[in-house]
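Student: I keep getting lost when I look at a whole protein at once. Could you pick out one part and take me through it slowly?

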Amino acid sequence: LIGVSEFGESDLKPLPSAEEDIKAMARVLQQPELGGFDEVRALANPTKTEVEDAIYTLFANRQRDDLLLFYFSGHGVRDESGRLFLATPSTRKDGGKLVGHTAIAASVLHENMSNSRSDHQVLVFDCCFSGAIATGMTIKDDGSVAIQQQLGGKGRAIFTSSNSIEYSFHRDEFKLSVYTHFWVEGIEKGVADRDGDGWVSADELHEYVLAKVKTAAPAMTPQFFPVQAGHKILLAKSLPQDDPQLRYRKEVEARIGSFLVDRDRFSIPAKKSLEMLRLRWKLDLQTAGAIESEVLQPIRERQRKLQEYEQTLIDTIQEDGFPFTDSILNDLRDCRMLLGLRDEDVMAIEARALPTDQPLSLTEFEDELPDKSPTEPVADDLSSERGVDYTQLRDLLAAGKWKEADRETYRLMITTVGRTEGNYFREEDLLNFPCTDLRTLDRLWVKYSNGHFGFSVQKEIYVETGNPLDGKYHKETFNPFAHRVGWKVKDQWQDYSQLDFSFSSPRGLLPAVLGCWGVGLFSRFSRLVRAETCEL
């Protein structure tokens with residue numbers, strides 16, 4: 001476990017939580033009832049030589065069944081060719097260019113991993129490729145690195161805190177970095193064990209962390225690159241599933257959709273249900289309250305950031321007037337970025353706050369010259385080859401009504417192939433489904449779920465779990481895919497009524513599509529084949 005928080009005289013900014021990150025990781029990984037690793041080494045602000053020695057020692061002289069894990073919290077940097085380096089306290093740049101021999105090249109990791117006999121290797125990068133700092137937050141990531149190409153190989157699971165063009169954040173509200181905070185929580189609290197088998201696998205942990213980070217810091221998208229069987233590597237044991245605190249936490253998670261953000265409380269029925277469960281499982285009020293606070297922390301943090309941005313926008317209008325100058329638009333863009341918010345996250349706020357008869361997002365204003373008149377917002381593309389109206393589906397998705405949207409998706413799809421509601425899809429219906437309509441359905445699901453649901457999301461997970469895009473059904477790899485998206489649990493196909501229609505569900509669960517669900521395996525498989533031929 002490598003944590004680098006200090007960078008000498010370089011222009012890389014300090015990362016105060018990096019040392020706390022490795023302490024927390026060490027705590028959960030070395031506990032016999034959780035990670036159970038035989039040896040855990042935590043190195044804070046090591047020299048380049050110490051890091052390279054540690055990498056060699058980790059991978060050398062190992063056996064095939066050994067599980068090896070390398071974790072890094074700090075700055076990632078790139079050279080002019082886009083190659084990834086991990087910064088050390090002595091890393092520096094000369095004329096804005098990385099001095100390569102002062103940092104750890106990703107190729108050092110790759111070489112040692114490739115020479116190791118271990119078939120189970122895990123890499124966790126809570127880092128990025130350039131640094132900047134702002135009040136209350138340190139930005140850790142910018143750039144574009146094809147990390148899977150540089151570190152891919154047999155039997156590996158590669159975790160990254162964000163994708164190659166996003167920022168990763170440290171926030172003052174978290175003792176740890178945002179990403180590591182939820183990585184540790186998923187193991188320590190047992191909630192990442194999605195299938196209840198007593199183990200936290202690599203794909204389960206990623207799905208848990210992804211959902212949490214996307215709530216707390218929407219501008220971050222944690223990535224997961226499993227190679228071969230890497231998605232099923234078992235990282236830690238889970239708490240017993242009958243543990244009262246774990247059971248209560250899962251019940252709170254399941255009711256997140258009933259949390260009223262504007263009132264900062266659960267709905268009355270949800271609150272009553274939780275109270276009855278608390279009494280049934282003999283949890284005291286303090287313990288139950290602490291669990292609720294931890295589960296709701298990302299939601300409250302997101303709401304706080306939205307409120308902070310809205311107040312900034314209001315203050316700017318009052319102090320500087322409207323329309324804004326180019327300089328102020330740039331400052332507001334930076335403000336959104338530093339808060340970890342995307343343009344789409346603040347569109348409703350901007351529509352309320354901007355003093356115009358035709359409210360527009362600032363993103364649209366930024367695309368216009370100051371002397372041009374605002375234009376209407378760009379509407380969703382609802383194209384259809386068959387004249388299908390997707391307005392109702394769009395409205396359901398925009399309202400977060402996932403189950404109703406799934407049923408509407410079935411209705412639209414069965415109509416598109418010329419069949420009536422209540423019928424199942426035939427395999428040929430899906431293999432020949434019009435691509436324009438499939439792309440429209442996918443765009444709407446992906447947009448309004450922030451990338452949590454969608455046919456293209458399912459296709460992405462299908463490939464990640466080792467399924468070749470050859471149009472053939474491969475049971476040995478399709479089953480891991482079905483478990484990953486939550487269609488199967490403990491090797492049993494889930495009934496439609498058992499599915500969790502919320503953001504607590506595994507990424508890629510939806511669209512499940514009611515009619516397609518009933519007909520069985522090959523219709524589900526055919527959808528994925530068509531997603532590939534339509535280039536989703």
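Tutor: Let's take a close look at one helix pair, then step outward to its surroundings. Keep in mind that this is a predicted model. For orientation, the protein has 20 helices and 20 strands, and 52% of its 536 residues are buried.

Our part is the pairing of helix α6, residues 202–216, with helix α9, residues 285–320. Two packed helices are described by the angle between their axes and the distance between the axes. Here the angle is about 30 degrees and the axes lie 7 Å apart. Angles under 35 degrees count as roughly parallel, so α6 is roughly parallel to α9.

Now zoom in on who touches whom. From α6 come Lys212, Thr215 and Ala216. Facing them in α9 are Val295, Pro298, Ile299, Glu301, Arg302 and Lys305. Sort the residues of this contact by class and you get 4 nonpolar, 1 polar and 4 charged.

Next, follow the chain just outside α9. Before this helix, in the loop between α8 (268–280) and α9, sits Lys282. Lys282 isn't a glycine, yet its phi is positive, about 60 degrees. Its relative accessibility is 75%, so Lys282 counts as exposed. On the other side, the loop between α9 and α10 (326–338) holds Pro323. The peptide bond joining Phe322 and Pro323 is cis, with omega about 5 degrees.

Both of those features turn up elsewhere too. Asn45, in the loop between β2 (43–44) and α2 (48–59), is another non-glycine with a positive phi, in this case about 50 degrees. A cis bond also runs from Leu510 to Pro511, with omega near 5 degrees. You'll find Pro511 in the loop between β20 (492–493) and α19 (514–519).

Leu510 leads us to the largest nonpolar core, which has 41 residues. Leu510 is one of the residues with the most contacts inside this core, along with Leu393, Met413, Phe425, Leu441, Trp445 and Phe481. Several helices each give two or more residues to the core, including α13 (391–398), α16 (435–448) and α18 (475–484). The largest share, 6 residues, comes from α14. Apart from this core lies another one of 38 residues, among them Ile22, Leu34, Leu176 and Val178.

One last step back to the whole chain. Among contacts between residues at least 6 apart in sequence, 66% join residues at least 24 apart. As for the outside, the accessible surface comes to about 24,000 Å², with 48% belonging to carbon and sulfur atoms.

Terms used: Residues numbered from 1 in each chain as written. Predicted model: local features only at pLDDT ≥ 70, side-chain atom pairs only at ≥ 80, totals over all residues. Heavy atoms only, no water. Axes fitted to C-alpha atoms, helices over the stretch in contact; angles between N-to-C directions. Helix = DSSP H or I, 4+ residues; strand = E, 2+ residues; numbered from the N terminus. Parallel < 35°, antiparallel > 145°, perpendicular 65-115°, else oblique. Contact = heavy atoms within 4.5 Å. Nonpolar A, V, L, I, M, F, W, Y, C, P; charged D, E, K, R; others polar. Core = buried A, V, L, I, M, F, W, Y, C linked by side-chain atoms within 4.5 Å. Buried < 20%, exposed > 50% of the residue type's maximum accessible area, 1.4 Å probe, protein only. Areas by Shrake-Rupley, 256 points an atom, 1.4 Å probe, with all protein chains shown as cover.
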